[in-house]
Amino acid sequence: MTLLEIENLSIKHRAEGVETTLVDDLSYSVAAGETLAIVGESGSGKSLSSLALMRLLASDLHVTGGSVRLEGVDLLTLSDEDMRQRRGRDISMVFQEPMTSLNPVRNIGSQITESIEENLGLSKADARKRAIDLLREVGVADAERRMRQYPHHFSGGMRQRVMIAIALAAEPKLIVADEPTTALDVTIQAQILDLMAKVCKDHGTALILITHNLGIVARYANRVNVMYGGRIVETGTAAEVYYTPRHPYTQGLLNSVPRLDQDRKQPLKPIMGNPADPFTKITGCRFHPRCPYAQDLCRTTRPDFDGQTACHFPLQTQTREAS
Amino acid sequence: MTQPFLRIEGVSVHFPMRKGLLQRQFAEVKAVEKVTLSLNRGEAFGLVGESGCGKTTLARTVLRLVDATEGAIWFDGQNITDLKGAALAPYRKRVAAVFQDPFSSLNPRMKAGAIIREVLYVHKYQGDMTARVIELLGLCGLSDRFAELYPHQMSGGQRQRVGIARALALEPDLIVCDEAVSALDVSIQAQIINLLEELRVRLNLTYLFIGHDLSIVRHLCDRVAVMYLGRVMETASSEDLFANPKHPYTRALIDAVPNPDPLSEAARDHVALMGEVPSPLDPPKGCVFHPRCALAMDICRSGEPELKRHGEGHLAACHALNS
């Protein structure tokens with residue numbers, strides 16, 4: 001069942017009469033309960049498109065077209081008040097920096113109960129009970145005492161657990177997690193992502209997991225969108241995208257990461273050049289300046305997205321060796 | 001046996017914690033505790049571990065930015081632990097550093113050329129400085145027009161190349177790379193890793209490479225030491241350490257890293273390491289790792305294990321290995 005359907009979403013930046021396209025005609029959907037990963041580099045539009053569906057874009061960024069439908073309701077046409085009510089209740093977000101996304105001058109308990117009281121209409125005492133249960137569920141020991149503490153009393157990993165508790169508080173149907181573990185150590189990263197996978201499964205919550213780590217995609221996601229230059233360049237199940245990448249960018253990403261399960265001396269094959277800067281005009285395919293297979297057509301004409309990839313000359317399906 | 005190029009001998013670094021009007025010392029953070037390591041000339045040595053394990057403090061001690069509380073550091077046959085002023089200058093020329101964040105480690109008000117030239121100027125370089133700057137930029141894959149650019153006009157990867165060019169300016173023998181590729185996009189990371197490898201061979205450099213990404217450290221380094229709460233828990237060649245980890249902590253670290261292959265990931269049975277790193281103000285008695293260790297026995301709670309030999313060049317500090 002489709003939970004979220006994004007169609008032809010475009011986001012532009014407007015300043016001093018100059019318009020720059022940051023997200024270009026983006027379409028994808030998320031089924032109830034699934035985990036969709038979005039991978040891409042800086043400037044690929046992966047975070048922006050997610051902020052847009054939360055209606056949290058900065059004031060100089062504008063959605064210039066398209067729709068974001070959650071269970072059939074277009075979030076982009078809701079009044080600010082209606083949208084505010086849906087945040088937390090229908091969709092919630094976990095950000096990268098657990099240091100800056102919690103309020104430093106309010107205790108943890110009040111930050112969790114706020115969402116519960118607002119969205120579930122529980123009394124103060126009931127909200128408090130539920131908050132304690134939530135903290136226990138996300139693995140915060142000694143929850144009752146921790147409720148009275150402030151964010152600075154918590155380690156990075158613990159803060160991210162609190163963020164997950166807040167995100168879960170009103171049982172949303174969808175959680176958007178933007179690089180939730182990038183600031184954390186690998187051991188804590190595994191704890192937090194295992195926890196997110198578990199709570200999403202237990203509550204039937206769908207998850208959009210924005211990351212740059214292809215290992216995280218492999219371990220936690222059902223499907224993956226690869227974004228480059230404001231567009232989806234490839235989509236598929238995690239296995240399809242890994243074993244039979246169709247877009248040269250996807251192949252380039254896979255070849256540029258060193259891996260523990262491969263020969264140490266295997267040389268890395270980086271993608272040449274730098275990530276596409278949205279403010280530099282590139283005609284045709286935005287990846288062409290870095291693409292080893294680029295031809296004349298790629299320099300002049302933007303490739304259409306065929307439901308799987310956006311490339312004039314998709315790679316032939318050659319199965320990668322299983323490792 | 002030949003003498004090691006860099007010898008860290010029983011080095012401890014303690015930071016006093018002071019409070020009150022009289023700045024009375026009430027506690028001590030033992031950031032690094034009796035670490036002994038040797039680096040051979042021309043090798044890349046990796047330091048890994050979670051945040052707070054002391055890897056950066058140890059590197060800063062080698063750079064003489066932090067003073068060792070006890071122990072000694074020998075560089076190319078000379079004890080450099082207590083060198084001061086003019087006596088330290090020759091050492092400073094031979095040791096350079098590349099930092100994590102190319103945004104904050106380059107002066108935003110200086111052009112790249114001036115940033116590199118400053119190092120030459122300070123150390124009274126005898127020769128054509130402009131030619132040397134261009135040579136260094138070229139060595140790092142940047143054309144001479146970059147000398148005229150400010151850091152904000154460059155991408156993250158280009159900035160890191162300037163950082164490396166600056167480190168190379170005085171033809172150092174040892175380069176300390178503190179998370180030198182962590183802040184970069186995946187495709188750019190691979191470029192910089194390849195550049196570091198190429199430079200090492202070309203200029204016969206020795207690297208002390210600090211990283212939290214195990215796959216990168218394994219790829220780049222010949223030998224690795226795993227640190228936890230200021231101590232070295234295990235050290236071995238990269239091949240040996242990752243194929244045959246002895247210490248339960250090393251095993252947990254490796255387990256936490258997801259690989260990009262979805263099918264092998266699904267088949268893998270990973271168990272996330274429980275808990276978090278304890279406070280270095282009050283480290284656990286006995287083996288500092290025992291509260292998180294699945295193999296902990298009575299002896300682990302009372303006695304601190306010593307580093308013992310478990311194979312050719314393979315040291316590990318664990319009671320469970322001795323029984």
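How do H6(A) and H7(A) lie relative to each other? The views below come from a predicted model, in which local features need pLDDT of at least 70, side-chain atom pairs count only at pLDDT 80 or more, and totals for chains, interfaces and linings use all residues. Residues are numbered from 1 along each chain as its sequence is written, and chains are lettered from A and ligands numbered from 1 in the order in which they are written.

**View 1. Packing of helix H6 (residues 156-168) on helix H7 (residues 186-203) in chain A.** The axes are 10 Å apart and make an angle of about 15° (lines fitted to C-alpha atoms over the stretch in contact, with angles from 0 to 180 degrees between N-to-C directions). H6(A) and H7(A) are therefore roughly parallel (angles under 35 degrees). Gly157(A), Gln160(A), Arg161(A), Ile164(A) and Leu168(A) of H6(A) meet residues of H7(A) including Ile188(A), Leu195(A) and His203(A); contact requires C-beta atoms, placed from the backbone, within 7 Å. The residues of this contact divide into seven nonpolar, four polar and one charged (Ala, Val, Leu, Ile, Met, Phe, Trp, Tyr, Cys and Pro count as nonpolar, Asp, Glu, Lys and Arg as charged, and the others, Gly among them, as polar). Helices are DSSP runs of H or I with at least four residues, and strands are E runs of at least two, numbered from the N terminus.

**View 2. The open sheet of chain A, with strand order S2-S1-S4-S5.** Its four strands pair in antiparallel fashion; pairing needs at least two DSSP bridges. Strand S2 (18-31) and strand S5 (73-74) are the edge strands, each pairing on one side only. Two bridges join S4(A) (residues 61-70) to S5(A), and Arg69(A) stands opposite Asp74(A) in S5(A). Helix H1 (residues 46-53) of chain A packs on the sheet, touching S1 (2-15), S2 and S4, and its direction makes about 110° with that of S1(A).

**View 3. Surroundings of Cys140(B) in the loop between helix H4 (129-139) and helix H5 (156-168) of chain B.** Cys140(B) is buried, because 23 other C-beta atoms lie within 10 Å (the cut-off is 20 or more). Beyond neighbours within four places in sequence, Cys140(B) is in contact with Arg161(B), Ile164(B), Ala165(B) and Leu195(B).

**View 4. The side of chain B that touches chain A, where 38 residues of chain B are in contact with 38 residues of chain A.** H6(B) gives the most to this side, with seven residues. By class, this side of chain B has 18 nonpolar, 13 polar and seven charged residues.

Conventions:
Buried ≥ 20, exposed ≤ 12 C-beta atoms within 10 Å, placed from the backbone. Contact = placed C-beta atoms within 7 Å. Parallel < 35°, antiparallel > 145°, perpendicular 65-115°, else oblique.
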